Amino acid sequence: YETLYFVPALAGTGKSHAIWDRGSAVLSGELLNNFDIVIWSCGWAFPSVDADDRDAIANYLDSGGNLFITGQDIGWDMYDQGGASVYWYNTYLHANYISDDTNNLTLDGVAGTFTEGLALAISGGDGANNQDYPSDIDPRGQDASVILTYDGSRNGGIMADTGTHRVVYLAFGYEAINNAADRATLMEGIIGFLAGEASPVGDGNLPEAMTLLGNSPNPFNPQTDIIFTLAADTRVKLEVFDLRGRLVRTLEESVHPAGLNSVKWDGRNDAGHEAPSGAYFYRLTGPEKALTDKMMLVR
């Protein structure tokens, strides 16, 4: 999930990153303290956060760290274990666990937060499509507030700022968001909040220049979303080329709005035929410059 869903979304934040193989060794607070922000993806495994994990995260947050944690059933797992697990969940994720399964796969952003205007679906599309038990949670304490809600009375995401550390907790798997543009937009907002920067979501800020953010998924089959930002409404051309520089497909040649944009390539050429497996380049051309990146089609 990290390479398919998290890494492409991080490309738009301008932050460098490293990936820790959770199976290689136990993490420590000392190691986490080397990083300004930690993204912790739980997937759907139990224990979702074990005793060593909890100690490392607690040490990191007590030392002024910033955490984005996501996964269905984290709350259920902590409350099922009870005792120290519940204390850690309440204290460091700043949440009260309400119920196991909302049976709702759509969420809306909350006005006045970095999610304002977002409408997310966590099934279908090119997401992981793996959400069986998206949980209902409430913020705990005056430092925490809701950022995503299923239906106005049940909540799927919270943020907290204690003055020492910041936390964003999603009670569902981020990887299930069903399109690359929404994943990128939410990730930019989360990183902006955790880094103490102005959020690009809901505050009217626009990128300062045309930027190509990559494509997702990559590698892909049969389709992928090419993501880019524009500082103003701009006429752009988006083309796909093979490794020999031959034009395969002109995807767009039109005006796109300021902000985040996404264009889909279905792996077909201009004649409508399936392109063969292999590497391809795509080029985004604007009035003042052209940007190029590489993608891999695997059939």
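Angles under 35 degrees count as roughly parallel, those over 145 as roughly antiparallel, 65 to 115 as roughly perpendicular, and the rest as oblique. This cut-off is used below for two helix pairs in what is a predicted model.

**Helices α4 and α5**

The axes of α4 and α5 cross at roughly 140° and come within 6 Å. An angle of that value falls in none of the three named ranges, and α4 and α5 are therefore oblique to each other. On the α4 side the contact is made by I74, G75, M78, Y79 and Q81, and on the α5 side by S85, V86, W88, Y89 and N90. Sorted by class, the contact of α4 with α5 has six nonpolar and four polar residues, and no charged ones.

Helix α5 spans residues 84-92, and its buried residues are S85, V86, W88, Y89, N90 and Y92. These buried residues pack against elements of both kinds: the helices α3 (51-62) and α4 (74-81), and the strands β2 (66-70), β3 (95-99), β6 (136-139) and β9 (166-170). After α5 comes H94, whose phi is positive, near 55°.

**Helices α1 and α6**

Helix α1 covers residues 2-10 and helix α6 covers residues 180-194; the two pack at an angle of about 60°, with their axes 8 Å apart. By the cut-offs given at the start, α1 and α6 are therefore oblique to each other. Their crossing is right-handed. From α1 the contact takes in Y5, F6, A9 and L10, and from α6 it takes in R183, A184, M187 and I191. By class, the contact of α1 with α6 has seven nonpolar residues, one charged residue and no polar ones.

R183 lies in helix α6. Is R183 buried or exposed? At 1% relative accessibility R183 counts as buried, because the limit for that class is under 20%. Apart from neighbours within four places in sequence, R183 is in contact with Y5, A9, D126, G127, Y174, I177, N178 and S216. Y5 and A9 in that list also belong to the α1 side of the helix contact.

**Two further buried residues**

L27 is placed in the loop between α1 and α2 (29-32). Its relative accessible area is 9%, so L27 is buried. With residues up to four places away in sequence left out, L27 touches W20, R22, L32, W40, D52 and A56. Along the chain L27 and G109 are 82 residues apart, and their C-alpha atoms are separated by 32 Å.

T234 is in strand β12, which runs over residues 234-241. With a relative accessible area of 15%, T234 is buried. A polar atom of the T234 side chain lies 2.6 Å from the backbone oxygen of A232. Leaving aside neighbours within four places in sequence, the contacts of T234 are S254, V255, H256 and P287.

**Backbone features in loops**

The table lists cis peptide bonds and residues with positive phi, together with the loops that hold them.

| Feature | Value | Loop |
|---|---|---|
| F46 to P47, cis peptide bond | omega near 0° | P47: between β1 (38-41) and α3 |
| N218 to P219, cis peptide bond | omega near 5° | P219: between β10 (211-216) and β11 (224-230) |
| N103, positive phi | phi about 55° | between β3 and β4 (106-109) |
| N129, positive phi | phi about 55° | between β5 (119-121) and β6 |

In each cis bond listed, the second residue is a proline: P47 after F46, and P219 after N218. N103 has its positive phi although it is not a glycine, and N129 likewise has a positive phi without being a glycine.

Is N103 buried or exposed? N103 counts as exposed, at 71% relative accessibility, because the limit for that class is over 50%. R183, by contrast, counts as buried at 1%.

Technical notes. Residues numbered from 1 in each chain as written. Predicted model: local features only at pLDDT ≥ 70, side-chain atom pairs only at ≥ 80, totals over all residues. Heavy atoms only, no water. Axes fitted to C-alpha atoms, helices over the stretch in contact; angles between N-to-C directions. Helix = DSSP H or I, 4+ residues; strand = E, 2+ residues; numbered from the N terminus. Left-handed = near helix turned anticlockwise from the far one by under 90°. Contact = heavy atoms within 4.5 Å. Nonpolar A, V, L, I, M, F, W, Y, C, P; charged D, E, K, R; others polar. Buried < 20%, exposed > 50% of the residue type's maximum accessible area, 1.4 Å probe, protein only. Polar contact = N/O pair within 3.5 Å; in protein donor to acceptor, adjacent residues only side chain to side chain.
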